[in-house]
Amino acid sequence: MALHSRTRQPSENEEALEGQLRESFGRVVYSHKTHEKTADLLLEKLARIKLSQVVLSAITAGGCVATIFGAGKVGASIAALVSTGLLGLNLYTKDRDLGELAQKHRRIGSDLWAIREKYLSLIADLRIGNQPMERLQVRRDRLVDELQTIYRGAPSTNARAYRKAQEGLQQQDEMTFSDEEINAFLPEELRKGG
């Protein structure tokens, strides 16, 4: 048996508040997903850098060993060239802790997830209609303050991460579930539909 909200028509004030809450909710959903995608991209980049460091180190070592066993100038030149590339890569990563930055994005994503859920609950409470508008507005204002605090400490994202978030949300339904999927998680008494 499905649960239904009251059939009364919402007031213009309720519609205005719901419109604002829905807009804020949408922005938080995108911010949350963009920070998750940024963390994923950073971790992929870190993995490529570490693999490159290993490969370049192996080639450098191989060039040095080859030089010792008579490869002469060619082995030494290869070792010098590759070790210069390795030095450049090491200098690039010296002041950039991509793993730590990815963790910051994950933490911000987690904080935004909590805000997203609060907005969702606030929209549901508005629709149910059993709380005064003033109380809902106070909750909204607190959420805005919480968001400001989170965003103030958030590292920047980029257009590539935003595009990946957009693709995940719009084309791959990363934040939505069908009734059947939700029913599979619930006991039979709480399932929706037949």
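**Exercise 1. Determine whether Gly-99 is buried or exposed, and place this residue in the predicted model.**

Solution. Gly-99 has a relative accessible area of 19%, so this residue is buried, given that buried means under 20% relative accessible area. The residue belongs to helix 2. As a distance check, take Ser-83, which is 16 residues away along the chain; the C-alpha atoms of Gly-99 and Ser-83 are 24 Å apart.

**Exercise 2. State how many helices and strands the protein has, and how its radius of gyration relates to the globule rule.**

Solution. Step one concerns the secondary structure. The protein contains five helices and zero strands, and the pattern along the sequence reads α-α-α-α-α. Step two compares two radii. For 194 residues the globule rule gives 16 Å, whereas the radius of gyration of the protein is 26 Å, well over that value; the protein is therefore more spread out than a compact globule. Step three adds the outer dimensions: along the principal axes, the C-alpha atoms fill a box of roughly 90 × 40 × 25 Å.

**Exercise 3. Describe burial, accessible surface, contacts and charge for the protein as a whole.**

Solution. Begin with burial: 27% of the 194 residues count as buried. Next, consider the surface. The protein exposes about 13100 Å², and 56% of this area is supplied by carbon and sulfur atoms. Then turn to contacts with a separation of 6 or more: residues 24 or more positions apart account for 82% of them. Finally, there are 28 positive and 26 negative charges, and their mean positions lie 8 Å apart.

**Exercise 4. Identify which residues touch the most other members of the largest nonpolar core, and which helix gives the most to this core.**

Solution. The general expectation comes first: in soluble globular proteins, nonpolar side chains tend to be buried together. In this model, the largest nonpolar core has 15 residues, of which Leu-21, Ile-115 and Tyr-119 touch the most other members. At least two residues of this core come from each of helix 1 (12-94), helix 2 (98-128) and helix 3 (133-152). Helix 2 gives the most, with seven residues. Apart from this core lies another one, of six residues, including Ala-39, Leu-42, Ile-49 and Ala-102.

To examine one member of the largest core, leave aside the neighbours of Ile-115 within four places in sequence. Ile-115 is then in contact with Val-28, Leu-143, Glu-146, Leu-147 and Ile-150.

**Exercise 5. For His-32 and His-105, give the helix, the degree of burial and the contacts beyond four places in sequence.**

Solution. His-32 is located in helix 1. Its relative accessibility is 4%, so His-32 counts as buried. Beyond four places in sequence, His-32 is in contact with Gly-109, Leu-112, Trp-113, Arg-116 and Met-175.

His-105 is located in helix 2. This residue is buried too, since its relative accessible area is 1%. Beyond four places in sequence, the contacts of His-105 are His-35, Thr-38, Ala-39, Leu-42, Pro-155, Ser-156 and Thr-157.

**Exercise 6. Establish which residues Ile-123 and Arg-106 contact beyond four places in sequence, and assign each to a burial class.**

Solution. Ile-123 lies in helix 2 and, at 11% relative accessibility, counts as buried. Leaving aside neighbours within four places in sequence, Ile-123 is in contact with Glu-18, Leu-21, Arg-22 and Phe-25. Ile-68 is 55 residues from Ile-123 along the chain, and their C-alpha atoms are separated by 72 Å.

Arg-106 also has its place in helix 2. At 33% relative accessibility, Arg-106 counts as partly exposed. With the same exclusion of neighbours within four places, Arg-106 is in contact with Glu-36, Ala-39, Asp-40 and Leu-43. The C-alpha atoms of Arg-106 and Ile-150, 44 residues apart along the chain, are separated by 12 Å.

**Exercise 7. Classify Ala-66 by its relative accessible area and give the separation of its C-alpha atom from that of Ala-76.**

Solution. Ala-66 is part of helix 1. With a relative accessible area of 30%, Ala-66 is partly exposed. Ala-76 is ten residues from Ala-66 along the chain, and the two C-alpha atoms are 8.0 Å apart.

Conventions:
Residues are numbered from 1 along each chain as its sequence is written. This is a predicted model: local features need pLDDT of at least 70, side-chain atom pairs count only at pLDDT 80 or more; totals for chains, interfaces and linings use all residues. Side-chain values use heavy atoms; hydrogens and water are left out. The radius of gyration is taken over C-alpha atoms; the globule rule is 2.2 Å times the number of residues to the power 0.38. Buried means under 20% relative accessible area, exposed over 50%, partly exposed in between (1.4 Å probe, protein chains only). Contact means heavy atoms within 4.5 Å. Accessible areas come from the Shrake-Rupley method with a 1.4 Å probe; for residues, only the protein chains shown count as cover. Lys and Arg count as positive and Asp and Glu as negative; His and the chain ends are not counted. The place of a charge is taken as NZ of Lys, CZ of Arg, CG of Asp or CD of Glu. A nonpolar core is a set of buried Ala, Val, Leu, Ile, Met, Phe, Trp, Tyr and Cys residues joined through side-chain atoms within 4.5 Å.
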